[in-house]
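Let's take a friendly walk through a protein model, from a single helix outwards to the whole fold. Keep the structure open beside you as you read.

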Amino acid sequence: MNGNKNFDGVLYGIGENIRRTLEFLPDKIKCKVQEIRLRTGLPVCLTVDGKTYFVKKDGTVCDYINADILKSDKKDLKESFMLLCNDSVYAHTGELKNGYIKMRSGHRAGICGTFDEQGNFKNVSSINIRIAHEVLGCADALFDSYNGNGLLIAGRPGSGKTTILRDLIRQLSSDKYLRVAVIDSRGELSGSFLGESINDLGVNTDILMIQNKALGVEIAVRTLFPNIVAFDEIGTRQELLSVSDSFNAGVSVITTAHAGSISDLLTRSVTNGLLRSGAVSQVAMLSGEIGKAPEILSVKEILCELGC
């Protein structure tokens with residue numbers, strides 16, 4: 001199963017003691033795991049369908065703490081960290097300053113620790129490995145509702161925003177032959193690693209790997225002549241300005257944002273500005289429930305209800 005392949009594909013970044021146990025987890029669990037969490041002196045946790053489960057020493061899982069729970073110690077964290085860095089912390093300094101390490105096939109490890117005054121990273125305290133899942137067809141309902149203009153996909157962390165965005169890009173590129181430029185700052189959408197894209201983003205998609213998403217949008221609009229620019233997690237004022245510029249240049253933008261509700265979007269300055277900019281005409285709110293289609297909302301109606 002592809003889910004098992006995804007799970008097994010991140011184990012190279014986990015220390016041997018923990019890895020040996022995780023390898024023997026049941027396949028029905030492996031294919032559903034969204035995150036693996038290691039914390040110094042605390043239980044090894046899995047996020048499965050949005051819920052927390054604990055790994056037992058015998059390779060099974062449970063949803064409560066007991067004496068058989070597997071724990072990770074300081075040595076496990078240090079070993080895992082060095083494996084994730086391929087023994088070169090310096091080579092990942094830029095990523096670490098943003099709190100993560102890019103893994104193979106689009107997976108990502110969030111890292112907590114300490115930066116000293118010289119900018120050196122040390123004393124790893126926790127690692128959270130997010131497992132990327134490519135789910136072909138998961139954006140079918142959104143694809144049918146998409147009007148061709150700007151779109152914001154919103155939902156709580158772990159609700160499937162990146163997975164939905166990835167599949168929508170694939171369908172727009174392969175089924176409608178639209179030119180899509182993907183700004184993939186962390187390699188999660190394309191699964192790119194060392195120049196190779198693992199995930200299917202369609203037959204008419206260009207992938208720009210660049211940390212600065214705002215600059216990436218500008219480059220894409222200026223040089224790739226796309227119908228659509230897509231990227232994950234709009235979060236800065238500069239990204240908002242780049243999106244507005246692309247809208248004025250006749251290029252549609254599809255992006256995502258963390259939000260539990262429309263009111264959350266309106267509370268944050270960047271997403272509020274995005275809705276009011278005219279660059280997006282639809283919002284797809286994800287509930288996080290497996291198999292439930294997103295709620296498609298008109299930005300115009302949202303703003304009219306507020307009297308804006």
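Which residue follows α8, and what is the sign of its phi? The residue is F225, and its phi is positive, near 50°. Bear in mind as you look that this is a predicted model.

## Helix α8 and its buried side

Helix α8 takes in residues 213–223, and K213, A214, G216, V217 and A220 are its buried residues. Why do they lie on the same side of α8? They cover an arc of only 160° around the axis, so they share one side of the helix. A rule about helices helps here: an α-helix has 3.6 residues a turn, so residues three or four places apart point the same way.

What covers this buried side? The cover includes the strands β11 (180–183), β12 (205–208) and β13 (228–231), together with the helix α9 (237–248). At the start of α8 there is another detail to find: a side-chain oxygen of N212 comes to within 3.2 Å of the backbone nitrogen of A214.

## A serine in a loop

Now look at the loop between β11 and β12, where you will find S185. Is S185 buried or exposed? Its relative accessibility is 11%, and because buried means under 20%, S185 counts as buried.

Leaving aside residues up to four places away in sequence, S185 touches Y100, K102, I210, Q211 and K213. You have already met K213, as one of the buried residues of α8.

## Two nonpolar cores

The largest nonpolar core has 30 residues, and the members that touch the most others are L22, I36, F81, I111, I127 and I129. Two or more residues come from each of α2 (16–22), β1 (33–39), β3 (45–48), α4 (74–84), β8 (108–115) and β9 (121–130). The largest share, four residues, is that of β9.

F81 is a good place to explore this core. Not counting residues up to four places away in sequence, F81 touches V89, L96, I101, I111, F121, V124 and I127. There is also a second, separate core, made of 29 residues, and I183, A220, V253 and A279 are among them.

## Partners from two helices

V243 sits in helix α9, while L274 belongs to helix α11, residues 269–277. V243 is buried, with a relative accessible area of 0%, and L274 counts as buried at 0% relative accessibility. In sequence they are 31 residues apart, yet their C-alpha atoms are 8.2 Å apart in space. For another pair, try V243 and D27: they are 216 residues apart in sequence, and 42 Å separates their C-alpha atoms.

Again leaving out residues up to four places away in sequence, V243 touches F231, I234, V253, L274 and A279. With the same residues left out, L274 touches L152, I234, L240, V243, T255, A279 and V280.

## The whole protein

Stepping back, you can count twelve helices and 16 strands in the protein. Its C-alpha trace spans about 55 × 45 × 40 Å along the principal axes. How does the radius of gyration agree with that of a compact globule? For 308 residues such a globule would have a value near 19 Å, and the protein has 20 Å, which agrees.

Buried residues make up 48% of the 308 residues. Among contacts with a separation of 6 or more, 60% come from residues 24 or more positions apart. The protein exposes about 14,700 Å², and carbon and sulfur atoms supply 50% of that area.

Technical notes:
Residues numbered from 1 in each chain as written. Predicted model: local features only at pLDDT ≥ 70, side-chain atom pairs only at ≥ 80, totals over all residues. Heavy atoms only, no water. Core = buried A, V, L, I, M, F, W, Y, C linked by side-chain atoms within 4.5 Å. Buried < 20%, exposed > 50% of the residue type's maximum accessible area, 1.4 Å probe, protein only. Contact = heavy atoms within 4.5 Å. Arc of directions from axis to C-beta. Polar contact = N/O pair within 3.5 Å; in protein donor to acceptor, adjacent residues only side chain to side chain. Rg over C-alpha atoms; globule rule 2.2 N^0.38 Å. Areas by Shrake-Rupley, 256 points an atom, 1.4 Å probe, with all protein chains shown as cover.
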